[in-house]
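Thanks for joining me at the bench for a short question-and-answer tour. Please open the model, and we will go through it together.

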Amino acid sequence: MTKIGLRDRILLITLLPTLVVSLCLGGYFSYARYQDQSAYLEEQASNISEPLAVAAEHDLLASDKVGLLRLLNVSLRRNAPMVRTIAVFDTKHQLIATSNQHKDFAQLQAPANSSVPTQSTVQQLDDSLLVKTPIQLELSYLQQLLSDPQTPATLVAELRANEGRLGYVLVQIQKDKVLLAQQRSMLMSLLLILLGLTAALLMSLRLLSRVSTPLQQLLYQIEKLAEGRYSSQLKGPYVAEFDLMRLGINQLADQLKRYKDDLQNTLDQSTSDLVQTMEQLEMQNVALDLARRKAQEDNKLKSEFLAKMSHELRTPLNGVIGFTRQLLKTQLTLHQQDYLNTIQKSANSLLSLVNDVLDYSKLEEGRMPINPEPFSLRELVNDSIELLAANAFEKQLELALWIDPNCPDDVIGDPLRINQILMNIAGNAIKFTEHGSIVVRITATLQPDERVMLHVSVQDTGIGIPTQQQEQLFSGFSQADGSIGRRYGGTGLGLIISQRLVNAMGGSIGFDSKTDEGSTFWFTLLCKVHSLSVSDALPVELLRGKSVLYIEPQQYSREATLTLLNSWGMKVAACSTPAQIQQALAQSPSFDIAIIGRAVSLDQVNQIVELIRQLRAHCQYIYLLVNTLSPNLREALLHSGAQACLSKPAHHRKLANTMARPYQSQEQILLPQPQGPKAPLRILTVDDNEANLKLINTLLSDLVEHIDSAENGAEAWQKASHSHYDVIFMDINMPVMDGVTACQKIMHSSLNEATPIIAVTAHAMEGERERLLSLGFCEFLSKPLDEQMLLFALKECCPTFSQNHQAEAVKSTFDSLPQSRHLDWDLALQRAAGKVELAKEMLQILLKSLPDTLTDLQKHMRNEEREPLIQLIHKLHGATCYTGVPHIKQLTEILETQLKAGSPIAQLEPELFDLEDQLQSLLDESGKWQW
């Protein structure tokens, strides 16, 4: 956009209005002059034409053209040179007479079909003016002519037709004078406009000459001020306001000079102060660095102290745990075994708490030791509640555990941390509740990507938390009121650890509480659903459809156990009062099972004994759920006729196994049915473990015709280079050449580049399946394998495979099989596809390898050799997948997961000692077996 300067603006403001006004006035006066001349010309034309029209009446009636022509010429001469032509036309626009003819005369004649004018009309042409005046007879004279019989009939008819008009007179007036007067007027207007513009221009230039000089000086002075030159002053005086501007700029220069001087002084002082401050900060940084080093040294000393204290505590705890395990190997009653299991779980829980003391130092540093692994949610929660039950029994509190039947059981998370959180919150609930109940509820909400949000709440009827102290409850050591620590959980350390652990696992924690009414603590956890079963299956099939008479006066316990029994498919009649018991017995006098849940004390034993005696005639089996650990009371109740006595709330696995035990002895194992034809396929199996290799070959021998085996990846690659196979089953962790390398070599340089290769491993870390599939494997199988898994794998990866085997139940007896608390022959036969001899052979291979395994295990633990220990545990885990030793398998799986996750060997000492004890116990017992 073009900017207009001050000079141009002044010229524009002065000249433009002058020009506009001059043009308007000149135009107006010229137009008025022209209009006056035109009106005068029309008036003169009318004055000529109208007398002629009257004078021409007699000549027209007499048809005297000569007289008419003489009249026209006389009139032309009198009005020349203004009149150019005078002509007379009849009513039909035919020329009668004219004063003169000229070249444009034809344009004067009107069309024949046009009407005769009734009055004088004026027509403007470019260079002339035409005036037409009708020759109209007077009315009296017209009537006289019409009534005179001497008047020719043609004339009478014409006069009547034209209403007394004989024609009209046309006068052409020249416009030369008018045009000349108009041009003269325009010339005068132009001269006046030029004169006005000249005067305005002269005045503008004079004004500019008085304004531009001081203005330029002012601008120059402002540029000096912008450059920081404040000493120069403008000399005056100037015109009017410019002089005021000069004075203002001079004053501004003086003030800026003073400000500059003051600013420079302030800057110098600030620089001096900044130098001093920097020196002080440097001294403070040195002091802070010394303090930081001292804090690091103190933290190191604290860590060493915690480590030493942990070692001192772990040593006697390992002794307690070790001797408890040794005692469990002896002959014990069910109650003694139950007590020892509780002692062992308590010791392990205490050991976990000792580890948490070390974790708190990591917690202060922002490092949360979260180790996700597959676990059984119900096993974990029931074990935790079972440990807390004794404290609830001492206060005669109702302790109930309710788990939503739709809640998944096999999830991936950190079971140790979840157990720590639950034990802390539920323990506080029991500690601060004097009467009433504590209810633990667990629900789940499915999330995308196979995840689940667990919601755990602990409701109590304790003392509650005052409103003014609720906001400080999760503040740990920084509580405002010390009474919080005394009343609601010590120093608050447990709650702050729980809060941070929950946040680290993607959840949240909170509570609702009212004073003297109780509290409800809750927390949520984001876990991943595990596709495989972590724990052993419950014998619920044996309990499905059984009729149960359930007696429980406590509401929360009744609801929780009733939900559990219904989820197992049992037909339950729940009762809370004696009247309801009688009503249930009246409706159905016979029940398969009776479960009695009571709060037991010495004065109530006789009532329970009487109830057992009453139910004995109606129920085949009677079980007790009591809130006492007293062996004397339990023995008294068992002698009265009950089959078993369990603690409240009942552990779901113990309850299921106890109720299913009488029916397990009645189950028979079906014998294998004849098998169909084998598929004409050639299979290569690769595994470094002899037992695993033998098992997979045995399972495949019933499905395919030809099986080749290799003990490592190099041997598999060599065989694949000489023979074509339909499917290859490849172990991952092997000596000489691992499975991944062998798979890639087979795919790129052998006869089996298009052969599907199935990965087989005993331990699957999170993301392992996706990694192996991206490396070229077509499918992924996790040990332990069974015949059904192999069938599915062959169907998925080998289109030519046609299934001609049906997986059927196996029928055999266990009379000739050795019995041990370490063995589960049902599981062993399931892994061996119902083949008793194969199951025995798998177990013998494991037992044969145990002496060397124990020696290597002790050596690696003593020397803290991490990688060899991981390989040993992995190999042992793979062997236990097929031999029916679920406890040893579960222990090796936990150890392998923890070791691969980076857990220190010292932290896993209890589990390693437990594994060593179980392996030694199994080896000692096997020497007494008769095969």
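Q: Which helices and strands each supply at least two residues of the lining of the second largest pocket?

A: This is a predicted model, where local features need pLDDT of at least 70, side-chain atom pairs count only at pLDDT 80 or more, and totals for chains, interfaces and linings use all residues. Residues are numbered from 1 along each chain as its sequence is written, and side-chain values use heavy atoms, with hydrogens and water left out. A pocket is an open set of points on a 1 Å grid over the protein atoms alone, where a 1.4 Å probe fits, with protein on both sides within 12 Å along at least five of seven lines; lining residues have an atom within 4 Å of a point. Helices (H or I, at least four residues) and strands (E, at least two) are DSSP runs numbered from the N terminus, and those supplying at least two lining residues each are α8 (377–394), β7 (398–403), α14 (555–567) and α18 (652–664).

Q: Which element gives the largest share of the lining of the second largest pocket?

A: The lining residues divide into 16 nonpolar, 9 polar and 9 charged. Here Ala, Val, Leu, Ile, Met, Phe, Trp, Tyr, Cys and Pro count as nonpolar, Asp, Glu, Lys and Arg as charged, and the others, Gly among them, as polar. With 6 residues, the largest share comes from α14.

Q: Which element supplies the largest share of the largest nonpolar core?

A: A nonpolar core is a set of buried Ala, Val, Leu, Ile, Met, Phe, Trp, Tyr and Cys residues joined through side-chain atoms within 4.5 Å. Of the 46 residues in the largest one, L377, I442, V458, F521 and F523 touch the most other members. The largest share of this core, 9 residues, comes from α8.

Q: With which residues is L377 in contact, leaving aside its neighbours within four places in sequence?

A: Contact means heavy atoms within 4.5 Å. Setting those sequence neighbours aside, the partners of L377 are C407, P408, D409, V411, I442 and L454.

Q: Does F591 count as buried or exposed?

A: F591 is found in strand β15 (residues 591–598). Beyond four places in sequence, F591 is in contact with residues including S547, V548, A573 and H618. The cut-offs are under 20% relative accessible area for buried, over 50% for exposed and partly exposed in between (1.4 Å probe, protein chains only). Because its relative accessibility is 6%, F591 counts as buried.
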